Amino acid sequence: MTGPDAPAALRATGLGFRYRARGGWTLRDCGFTVPGGRITALVGRNGAGKSTLLHLAGGLLHADVGELRVLDTVPGTREARARVSLLTQDKPLYPRFTVADTLRMGEKLNSRWDRAAAEQIVREGGIPLAARVGELSPGHHTRVALALALGKRPELLLLDEPMADLDPVARGEITATLMAEVAERGTSIVLSSHVLPELEQTCDWVLVLRNGSIELSEDSDALRENHAVVTGHTDQNDALTGPHTVVHRRVGGRQMTALIRQRGPLRGDWHVERPRLEDILGGYLQAGDEVRPADSERTEAAA
Ligand SMILES: Nc1ncnc2c1ncn2[C@@H]1O[C@H](COP(=O)(O)OP(=O)(O)OP(=O)(O)O)[C@@H](O)[C@H]1O
């Protein structure tokens with residue numbers, strides 16, 4: 001189902017998870033809604049909790065506190081498993097199976113199996129159906145795992161760094177396949193990635209995790225509209241506080257460049273540019289590493 005009545009792809013309320021009962025929280029107090037029928041980029045620094053969140057959504061882990069729903073169902077239940085595909089980073093497949101065996105297994109296990117779609121993904125990669133999975137290159141292994149995940153015709157596809165092993169041509173082909181899935185079937189896709197430029201044309205929703213907490217859950221176009229990259233003299237620093245929020249700031253000499261969430265008109269003399277999604281995500285990822293004017297002045301004084 002697509003449109004305004006479509007169920008949210010993911011919905012979390014007060015979600016918390018820790019790997020050991022006495023360990024620290026890997027995910028803490030996460031609350032967000034990812035609308036259905038979108039391609040959502042799940043972004044965060046190493047160790048932020050992206051894989052953990054995807055494993056929870058795929059029903060491989062269970063929340064310690066709070067609630068997570070996928071397509072309005074409980075992750076890991078029979079209904080959720082029928083409607084959700086999760087491709088983990090290790091992309092487990094049987095190494096002794098041939099590619100053809102693997103696709104046949106997909107067909108046996110899934111009542112909605114789309115053989116043509118699965119075979120097309122394999123064929124596009126030039127992978128022989130008779131090849132043994134254990135002898136495939138990592139990129140071809142990823143392709144077969146994706147064919148299995150997509151052949152199931154899921155309503156929600158969860159992908160943990162799916163492009164990491166793929167060559168640039170394969171990345172383009174798989175991206176086009178994913179975008180066609182959303183456009184033609186209204187499939188919801190949530191994919192984690194560190195390759196920010198590739199998200200620019202693909203993703204229409206963004207979920208940013210920072211140290212296990214949700215930093216951002218927002219529409220990509222809205223983010224582009226309500227953020228600005230401003231450059232000007234450092235003595236105007238105070239003009240950026242108040243209604244605006246400085247996400248990240250870099251100072252060089254007496255000039256500063258800042259990514260801001262802009263609320264209303266800007267005071268002062270600034271050169272203003274509309275940021276790309278990549279700039280916005282990069283700014284949020286670096287937010288804790290902010291270089292403040294005072295730091296830069298100390299550096300200059302010491303030089
Ligand atoms: N099986 C595990 N047992 C204990 N701790 C774990 C386990 N898996 C992950 N963690 C810890 O949980 C935190 C979040 O890890 P996670 O893999 O979810 O992050 P990530 O954002 O996917 O990172 P990356 O970008 O490096 O893939 C890290 O501190 C990690 O060390």
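This report covers the annotated domain, the ligand shell, two sheets and a set of packed helices in a predicted model.

## Annotated domain

The UniProt record, an unreviewed entry, places the feature "domain: ABC transporter" at residues 10–236. Over residues 10–236, helix makes up 33% of the chain and strand 27%. The C-alpha atoms at the two ends of this stretch are 41 Å apart.

## Ligand shell

Which residues surround the ligand? Tyr 19 and Thr 26 are part of the shell. So are Gly 44, Asn 46, Gly 47, Ala 48, Gly 49, Lys 50, Ser 51 and Thr 52.

By class, the shell holds seven polar residues, two nonpolar and one charged.

## Six-stranded sheet

An open sheet of six strands runs in the order 5-6-7-3-8-9. Its pairing is mixed. Strand 5 (84–87) and strand 9 (213–219) are the edge strands, and each pairs on one side only. From one strand to the next, the twist averages 15 degrees.

Strand 5 pairs with strand 6 (residues 156–160) in the parallel sense. Four bridges join the two strands. Here Leu 86 stands opposite Leu 158 of strand 6.

## Four-stranded sheet

A second open sheet has four strands, in the order 11-12-10-13. Its pairing is antiparallel. Strand 11 (245–252) and strand 13 (271–273) each have a single partner strand, so one side of each is left without a neighbour in the sheet. The twist averages 20 degrees from one strand to the next.

Strand 11 and strand 12 (residues 255–261) pair in the antiparallel sense, over seven bridges. Within this pair, Val 251 stands opposite Met 256 in strand 12.

## Helix packing

Two packed helices are described by the angle between their axes and the distance between the axes. Helix 3 (residues 99–109) packs with helix 5 (residues 138–151) at an angle of about 20 degrees. Their axes are 10 Å apart. Why is helix 3 roughly parallel to helix 5? Angles under 35 degrees count as roughly parallel, and the angle here is about 20 degrees. The crossing of helix 3 and helix 5 is right-handed.

Helix 3 also crosses helix 4 (residues 115–124), at roughly 155 degrees. The axes of helix 3 and helix 4 come within 11 Å. Angles over 145 degrees count as roughly antiparallel, so helix 3 is roughly antiparallel to helix 4. Helix 3 passes helix 4 in a right-handed crossing.

Key. Residues numbered from 1 in each chain as written. Predicted model: local features only at pLDDT ≥ 70, side-chain atom pairs only at ≥ 80, totals over all residues. Near = placed C-beta within 6 Å. Nonpolar A, V, L, I, M, F, W, Y, C, P; charged D, E, K, R; others polar. UniProt positions renumbered as here; feature names shortened; annotations may be inferred. Pairing = 2+ DSSP bridges. Axes fitted to C-alpha atoms, helices over the stretch in contact; angles between N-to-C directions. Left-handed = near helix turned anticlockwise from the far one by under 90°. Parallel < 35°, antiparallel > 145°, perpendicular 65-115°, else oblique.
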